[in-house]
Amino acid sequence: MRRTLIAVFFLIVYAGNAASGETPAIQLEPIVVTPSRFETGVTGITSSFSVISGDEINNDNGSVLDILRRQAGVHVSDYYGNSAKASVDLRGFGETAQMNTLVLVDGRRVNSSDLSGVDWYQIPKEVIERIEIMKGSGSVLYGDNAAGGVINIITKKSVKPYSVKLEQRFASYRGFTSLAQAGLLQDNIGIMVNARRDKTDGYRQNSRLKGTDFFGSLRYSMNDNIMCDFDAHYNELDLGFPGAFSEDDLKSRSRRDSKYKDDSLNQEDWYLYAYPQVKINDNILLASGFGMRQKNSTSDWASSNKDTGKTEIETYNITPNMALNIYDKYKVVAGLDYYKDANEARDYARTAGSLTGESDIKKRSTGYYVQAEANPVKPLFVNAGYRYERAEYVFIYKDYQGYYTNVDDKKTMDAQALNAGLSYVFFETNKAYMNFSKSFRLPATDEFLLYDWTIWPAGRFINTALRPQEGYSYTAGLDIAFADIAVVKASGFWMEMKDEIYFDPYLYENRNYDDDTKRKGFETRLDMFINKHISLYASYTFTKANFSGGRFDGNDVPAVPRHIFAAGAGLRLGQFSFNIDCRDTGKSRLISDQDNLKGYLKGYMVVDAGAAFTHKELTLFCKVNNVFNEKYSEYGVRSTMYDTRNYYPAPERNFVAGLKFEF
């Protein structure tokens, strides 16, 4: 059935080729920043790299996660279907993907120092200019969390004297979004502000989301050589936690029900960021990021009568760096990244409201890096880089109930990263590349804590045996353009991880695998521009992730689908536009099932379709998600306590419609 739908889909699309017209030119050398942390062309990049353009983002009426789902080598899993709690996986890390995929906004780290991961709701699609995706280790330039790759989201800067955008959308499950955006460019100052309000009851009971988001950017150019970008962001979020359903629950209850009807999260998150740049001359550029962020959250576990948890995370960073250009053939990028994190947590008894325990975990990390690039002859580019990073942790815990022992401990860790690669350009617009990299990941601040239940009060201490994770990977690929109508990207990779950090579901603690984990795969994407009316894409990702040696030898790594296929088409006829997207995701092992005893999370195919009508400054749009009403789950978890398979049901067929006005 799936193959039939896909075949019919492409036959219909290709039939549209009768509407002949001038084919649009493909932009082959966009300017990007992720591979070197400074602006550069894509020709010399020696890793698997792709760019999602502003046009593709603007023409999509879904979320950032919907856009990422269409990319080769990217696997997205959304707990509740509202983008607030989701995992984006590069290179097949599965259940540990959130800690191995680094997400940046304008080069600023979004990943938290704890296990809370990335809140994708806080990245409004409407402020994005483009998305750069570098698959494979980015540890040399970016340090921690980049073992699988880097997603760098570049925000818009005002390019018009005046611009205004107003948008109102309505969605299933009583979804409601209001958005206002304004831009100003006068002389040497450009300003962009964006405000958004979201409200939805969610697909499942107690999967509500209420959010308020403000984003602002200012670019000040003193002259041609001195410039500074300022970003500010504020976000409030009220989120319900419906929990997972066992197989027995799904047989006796509606998919839209909830076992935990009162659990919730309230969160406030804001940051300020400045990025000055000074051009000394045509060969030397100096820059530095200065940032501060505060994230406050309250977790209320009313359904299970657990303590209420309040967390405050403060982060400060300074990231100076330098780019040196020698005869336009040799480039050197060097710098340091300094981060200071303070994580404070308080637990309060539900009934009495009294403080039951508090912890204060601090982390300071300093990373030094250098990367050199050379273009000795016109078609050949080579690069190599090195990073050294040192992290210091301080742990303090006080118990006020007499249940646990107190903690006052420290831990220091060191890690190193390497990379080396080359690319060869042929026929002017095509290239072949290959690279080697050594990556690392340091433990999150809340991964160290252990309990000893054999004594009373229960022992609570720091797992000094927890080690940094390190990995080695090789990548080779081709980027080929056919005239001005098609681009093909294909790459293969092999990766071996040692001491990979994971959560042991039997001991309820974070540990290093005794086994190595090995990943190998292949990914390819075809983009076609038939004419000015029709565009097509198709991608395929194959990933095999297994344990090697030890207890789990030969088993599959949980939550890694072996096959992912995506395809879609866009059609423009005058003021009308239409698009359709198909995503076929294969089966995968359940989270926490390293033993491979509980079968598979079944695969699923989802088709989305949308349409829009534009007249001057006004656009009307609509979208149908999950057209064929597939009943599926993107997350499946094994419960070792109850020996059950648990699922987070994904939304069934749902609708989005709205209008936007912009000039």
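What follows is a chat between a student and a tutor about how this predicted model is described.

Tutor: Ground rules before we start: residues are numbered from 1 along each chain as its sequence is written. The model is predicted, so local features need pLDDT of at least 70 and side-chain atom pairs count only at pLDDT 80 or more, while totals for chains, interfaces and linings use all residues, and side-chain values use heavy atoms, with hydrogens and water left out.

Student: Fine. What makes the protein as compact as a globular protein of its length?

Tutor: Its radius of gyration, taken over C-alpha atoms, is set against the globule rule, 2.2 Å times the number of residues to the power 0.38. The protein comes out at 25 Å, close to the 26 Å that the rule gives for 663 residues, so it is as compact as a globular protein of that length. Along the principal axes, the C-alpha atoms fill a box of roughly 75 × 60 × 50 Å.

Student: How do you know whether C582 is buried or exposed?

Tutor: Buried means under 20% relative accessible area, exposed over 50%, and partly exposed in between (1.4 Å probe, protein chains only). C582 has 8% relative accessibility, so it counts as buried. Across the 663 residues of the protein, 55% count as buried.

Student: And what is C622 called, on its relative accessibility?

Tutor: C622 sits at 38%, so it counts as partly exposed.

Student: Why is there no bond between the sulfurs of C622 and C582?

Tutor: A disulfide is a pair of cysteine sulfur atoms within 2.5 Å. The closest cysteine sulfur to that of C622 is in C582, 19 Å away, so that is too far for a bond. The structure holds zero disulfides.

Student: What about Y369: buried or exposed?

Tutor: Y369 has 4% relative accessibility, so it counts as buried. Y369 belongs to strand 20, residues 355-377. Strands are DSSP runs of E, at least two residues, and helices are runs of H or I, at least four, numbered from the N terminus. The protein has six helices and 40 strands.

Student: Which residues is Y369 in contact with, leaving aside neighbours within four places in sequence?

Tutor: Contact means heavy atoms within 4.5 Å. The partners of Y369 include R37, V140, L141, P320 and Y386. Protein-wide, take contacts between residues at least 6 apart in sequence: 65% of them join residues at least 24 apart.
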